[in-house]
Structure formats: structure tokens, C-alpha cells
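Here is a walk through one chain, starting from a single residue and working outwards. Keep the sequence and the 3D view side by side as you read.

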Amino acid sequence: QVQLVESGGGLVQPGGSLRLSCVASGYIFSLTAMGWYRRTPGKQRELVATITSGDKTNYAESAKGRFTISRDNAQNTMYLQMNSLKPEDTARYYCNKVVPGNYWGQGTQVTVAS
């Protein structure tokens, strides 16, 4: 079955950086468009960045110029490099297919605060 395991979150000061990782299993990762999502209590889930099977990337306006999505198909792993972090980036971050099913991993918490 599908499994998604996110890691790499933490507490960071404004202006800092984090690199999130997502290890996927249970489907053909290399053929699947993937995305990073984030959710803050009381707000709708936001799609932050996507990457196609051909490595074409797209970003939400809030992430452009600061975040970089990438993938390593040999390792079934996707990454999100986040630089110049802001307090408003505080959220729980999840990875999933661009067309997600019902399964979601546990996510990884990112907190940006001084």
C-alpha cells in the first residue's frame, strides 16, 4: 500500500533554512507527479510546490524564489529545500501525489520563530 514518510522539519529562526525529505513506497514513484503541501490549523491545505516525473517544477507564489523541490527516483525520495523562511511558513508539511488519494502521511512540523 502507499506509504509516505516526511522528515526534516524543526524549529528555525526567520531567515533560516530547512530541507524536508519524503520517502515514498507502494507505487511507481518515478512515474508520479508529486507535491509538497502544508497545513496550518484553521486554514485550508496549501499546495506549495510540485514536480512532474520529468522534473518540471511549479511553485505557489508564497514559495517562489525561496523553496526548491527536487526528487531522486533511485531512492524514491523527494525533497523541499526551504530558504529565507518566514514565520508565515510555519505549518505541518506533507508530501503526496499531485492527485492525492485518501492516504496522507504524518507530515513534519516546521516552526519559524525567533
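Leucine 20 is buried, with a relative accessible area of 0%; buried here means under 20% relative accessible area, exposed means over 50%, and partly exposed is in between (1.4 Å probe, protein chains only). Before we go on, a word on the model: it is a predicted one, where local features need pLDDT of at least 70, side-chain atom pairs count only at pLDDT 80 or more, and totals for chains, interfaces and linings use all residues. Residues are numbered from 1 along each chain as its sequence is written, and side-chain values use heavy atoms, with hydrogens and water left out.

Leucine 20 sits in strand 3. Strands are DSSP runs (E, at least two residues), numbered from the N terminus. What does leucine 20 touch, once its neighbours within four places in sequence are left aside? Its contacts (heavy atoms within 4.5 Å) include Trp36, Met78, Leu80, Met82, Tyr93 and Val110. Valine 99, on the other hand, is 79 residues away along the chain from leucine 20, and their C-alpha atoms are separated by 20 Å.

**The sheet around strand 3**

Strand 3 belongs to an open sheet of four strands, in the order 1-3-8-7, with antiparallel pairing. Strands count as paired if DSSP finds at least two bridges between them. At the edges are strand 1 (3-7) and strand 7 (67-72), each pairing on one side only. On average, neighbouring strands of this sheet are turned by 15 degrees against each other, direction ignored; those angles come from lines fitted to C-alpha atoms and run from 0 to 180 degrees between N-to-C directions.

Strand 3 (residues 18-25) pairs with strand 8 (residues 77-82) over six bridges, in the antiparallel sense. Leucine 20 faces leucine 80 of strand 8 across that pairing. Strand 8 is also joined to strand 7 by six bridges, and these two run antiparallel as well. Here aspartate 72 stands opposite threonine 77. The hairpin of strand 7 and strand 8 has four residues between the strands, and asparagine 76 takes a positive phi near 50 degrees there.

Which side chains of strand 7 are buried? Phe67, Ile69 and Arg71 are, pointing to one face, while Thr68, Ser70 and Asp72 point to the other face and are not buried.

**The core**

In soluble globular proteins, nonpolar side chains tend to be buried together. A nonpolar core is a set of buried Ala, Val, Leu, Ile, Met, Phe, Trp, Tyr and Cys residues joined through side-chain atoms within 4.5 Å. The largest one in this model has 26 residues, and Trp36, Phe67, Ile69, Met78, Leu80, Met82 and Tyr93 touch the most other members. Strands that each supply at least two residues include strand 4 (34-39), strand 5 (46-51) and strand 10 (108-112). Strand 3 gives the most, with four residues. As for tyrosine 93, its contacts beyond four places in sequence include Leu20, Trp36, Val48, Phe67, Leu80 and Val110.

**The disulfide**

How many disulfides does a search of the whole structure find? There is one, where a disulfide is a pair of cysteine sulfur atoms within 2.5 Å. Cysteine 22 and cysteine 95 form it, with their sulfur atoms 2.0 Å apart. Cysteine 22 lies in strand 3 and cysteine 95 in strand 9 (residues 91-97), so the pair ties together parts that are 73 residues apart in sequence. The torsion about the S-S bond is about 65 degrees, so this disulfide is right-handed. Cysteine 22 is buried at 0% relative accessible area, and cysteine 95 is buried at 0% too.

**Salt bridges**

The whole structure has four salt bridges, each a side-chain nitrogen of Lys or Arg within 4 Å of a carboxyl oxygen of Asp or Glu. Among them are these:

| Pair | Closest N to O |
|---|---|
| Glutamate 46 and arginine 38 | 2.8 Å |
| Aspartate 89 and arginine 38 | 3.0 Å |
| Lysine 64 and glutamate 61 | 2.7 Å |

Aspartate 89, in the loop between strand 8 and strand 9, is 51 residues from arginine 38 in strand 4, and their pair links distant parts of the chain. Aspartate 89 counts as buried at 0% relative accessibility, and arginine 38 does at 7%, whereas glutamate 46 is partly exposed at 28%. Arg38, Glu46, Arg66 and Asp89 are linked in a network of salt bridges. As for the remaining pair in the table, lysine 64 is partly exposed at 44%, and glutamate 61 counts as exposed at 63%.
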